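Student: I would like to learn how to read the features of a protein model from its coordinates. Could you take me through this one step by step?

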Amino acid sequence: MRHLPGTPPPPVAAPRRRSHDPIPANRACRVLPVGAHHCQSSYNLDRTRVAIAEAAERGAQLLVLPELAQSGYAFYDREEAHALSEPRDGPTLEAWARQAAKYQIIVVGGFCERLPDGQVANSSVLIEPDGRRTFYRKAHLWDRETQIFTPGSEPPPVVDTHLGRIGMMICYDLGFPNGCAWRRCAVPSCCVHR
């Protein structure tokens, strides 16, 4: 990255952290506008790949993509969601994993997960640079989501990463403290709520 006169200098790489250190907000997390377009999976994939690259170039060590970033959110019915869904080893998650490894960044993103028998789940994945993946399916569905998605049955995971402990949950799950990642176990360094 080239430094131009009159602009801020590029970020300096942060030293490796121990897993129990808190994540410094100004170093690990960045906010970039990434809006998913409904029914445009290839556009969304390109957009998220650009977002991962830009975040890494700006010094981010963790990037959180929106809920259902792979497919968009407002489905007409379950059949439409199923047509846009992907399995856990589908092209979007494989691309995100390549980006995570290439840029040494943790990527958390939402996708419409294809399940057996025409079912779909509103899911999230945390992908570490070494390729490890942790999945979570939204358990507390909101409004019309109950007509489209199969709810998850597992509590939100807390993942030990090189940045510290990261808790995962999706949107409406936050309103149910019995499943909250930070109440289930020791306080994570960062709780990802998409």
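Student: How many helices and strands are there in the protein?

Tutor: Helices and strands are read as DSSP runs (H or I of at least four residues for a helix, E of at least two for a strand), numbered from the N terminus. Here there are six helices and seven strands, and along the sequence they follow the pattern α-α-β-α-α-β-β-β-α-β-β-α-β. This is a predicted model, in which local features need pLDDT of at least 70 and side-chain atom pairs count only at pLDDT 80 or more, while totals for chains, interfaces and linings use all residues. Residues are numbered from 1 along each chain as its sequence is written, and side-chain values use heavy atoms, with hydrogens and water left out.

Student: What share of the residues is buried?

Tutor: A residue is buried under 20% relative accessible area, exposed over 50%, and partly exposed in between (1.4 Å probe, protein chains only). In this protein, buried residues make up 46% of the 194 residues. Contacts (heavy atoms within 4.5 Å) add to that picture: of those with a separation of 6 or more, 63% come from residues 24 or more positions apart.

Student: How should I read a single helix, such as H4?

Tutor: One begins with length, the expected span being 1.5 Å times one less than the number of residues. Helix H4, residues 91–103, has 13 residues and reaches 18 Å from its first C-alpha to its last, close to the expected 18 Å. Its buried residues are Thr92, Leu93, Ala95, Trp96, Ala97, Gln99 and Ala100, and what covers them includes helix H2 (41–57) as well as strands S2 (106–114), S3 (120–127) and S4 (133–137). Just after H4, Gln104 takes a positive phi of about 55°.

Student: Which residue of strand S4 meets Glu94 in a salt bridge?

Tutor: Side chains of opposite charge can pair when their charged atoms come close. The rule asks for a side-chain nitrogen of Lys or Arg within 4 Å of a carboxyl oxygen of Asp or Glu, and a search of the whole structure finds eight such bridges. In one of them, the side chains of Glu94 and Arg133 meet at 3.0 Å, N to O. Glu94 lies in helix H4 and Arg133 in strand S4, so this pair ties together parts that are 39 residues apart in sequence. Glu94 is partly exposed at 30% relative accessibility, and Arg133 is partly exposed at 25%.

Student: Is Glu113, which pairs with Arg137, buried or exposed?

Tutor: Glu113 is buried, with a relative accessible area of 2%, whereas Arg137 counts as partly exposed at 30%. The closest N and O atoms of this salt bridge are 2.8 Å apart, and the pair links Arg137 in strand S4 to Glu113 in strand S2, 24 residues away. Elsewhere, Glu67, Lys138 and Glu145 are linked in a network of salt bridges.

Student: How many disulfides does the count give?

Tutor: With a disulfide taken as a pair of cysteine sulfur atoms within 2.5 Å, the count comes to zero. Of the cysteines, one can look at Cys112, which is buried with a relative accessible area of 0%, and at Cys171, which is partly exposed at 35%.
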